[in-house]
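Dear colleague,

Please find the structure below, handed over for your work. A summary of what was found in it follows.

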Amino acid sequence: MMKQDIQNNQYCYRYPHPALTVDCVIFGFDGQCLKILLVERGLEPYKGMWALPGGFVRIDETVEQAAARELREETNLTEVYLDQFRVYSDPQRDPRERVVTVAFIALVRPEAYSVVAGDDAANALWFEEDMLPPMAFDHERIIRDAREHLSEVLRIKPVAFQLLSKLFSLSELQRVYEAIGRKSYDRRNFQRKVLQTGMLEELPVDSAPMCGSHPDASPVFSRPSAGRPLQRLFSFRKKPKSADKKEDKSSDRREEGSTRDIFDF
């Protein structure tokens, strides 16, 4: 049954309905392995346990807006890559009430590693993906599913660049792909393939900084050494926007094919 609230111009439903939340699996890369950002719950239920950043969706916002807000409030992270991947609706997943959650993956660049816990989070820390603590709610399952989603989406979208600094080396890019894909690649084959995709733009040699001296270079890998040659640094070349929608779709297909080519050894 439904009735209309004339005064507020809203519809009010008489039957019970679930609450809606968002949860974010935040991935980072430290140069060798993937890490996941977790928050320590400051409130019951599961007070003191580790959980994914997230919370309830407000009545006047979308799930995407809620995810971005919760990241900002609980971890102080802003302007990160967000990708919705699944809905979890087990009636028993939350002991408080019937709660459905929309899960996102978020990818964080190294320069954004400095996080600050806020709102109802008592603490926020990065954990290696294979050394996670006991998790609250069904967040362990959500993380497993997010990990599989990240591996799959890497095959069709150049999301690995979201885990690197704006300037990076080919060896850094290869390590990201290996960490996400859980496999090793031949260095020469990988570099040849990735350069053939047309996704990279190399910094001119005469302007390339010594390793670690450029503000956009990765703070994780860059360690200047006496006598070392200038390091070849690259940036991700974003495709230009086209006014022609047909051309845009064709460009999307080319980008997808180029990304897949990295794996076709």
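**Cysteines, cores and backbone**

Cys 33 has a relative accessible area of 19% and is therefore buried, the limit being under 20%. Please note that this is a predicted model. Cys 24 is likewise classed as buried, at a relative accessibility of 0%. No disulfides were found when the whole structure was searched.

Regarding the interior, the largest nonpolar core comprises 39 residues, and Phe 27, Leu 150 and Leu 173 have the most contacts inside it. Strands and helices both supply this core: two or more residues come from each of strands E3 (19-29), E4 (34-41), E7 (81-88) and E8 (99-107), and from each of helices H2 (139-154), H3 (170-181) and H4 (187-196). A second core, separate from the largest one, has 17 residues, among them Ile 26, Val 39, Phe 104 and Trp 126. In general, nonpolar side chains of soluble globular proteins tend to be buried together.

Which residues is Leu 150 in contact with, once its neighbours within four places in sequence are left aside? They are Phe 27, Leu 34, Ile 105, Leu 107, Val 159 and Ile 180. Of these partners of Leu 150, Phe 27 is itself listed with Leu 150 among the residues with the most contacts inside the largest core.

The backbone has some features that you may wish to inspect. As background, most peptide bonds are trans, and most residues other than glycine have a negative phi. The peptide bond joining Glu 44 and Pro 45 is cis, with omega at about 0°. Pro 45 is placed in the loop between E4 and strand E5 (50-51). Tyr 46 also lies in the loop between E4 and E5, and its phi is positive, near 65°. With a relative accessible area of 30%, Tyr 46 is partly exposed.

A positive phi, near 55°, is found at Glu 79 as well. Glu 79 belongs to the loop between helix H1 (63-75) and E7. Is Glu 79 buried or exposed? Its relative accessibility is 82%, so Glu 79 counts as exposed, the threshold being over 50%.

Asn 76 is another residue of the loop between H1 and E7, and it is partly exposed, with a relative accessible area of 46%. The C-alpha atom of Asn 76 is separated by 9.9 Å from that of Ala 124, a residue 48 positions away along the chain.

Yours sincerely

Technical notes: Residues numbered from 1 in each chain as written. Predicted model: local features only at pLDDT ≥ 70, side-chain atom pairs only at ≥ 80, totals over all residues. Heavy atoms only, no water. Disulfide = S-S within 2.5 Å. Buried < 20%, exposed > 50% of the residue type's maximum accessible area, 1.4 Å probe, protein only. Core = buried A, V, L, I, M, F, W, Y, C linked by side-chain atoms within 4.5 Å. Helix = DSSP H or I, 4+ residues; strand = E, 2+ residues; numbered from the N terminus. Contact = heavy atoms within 4.5 Å.
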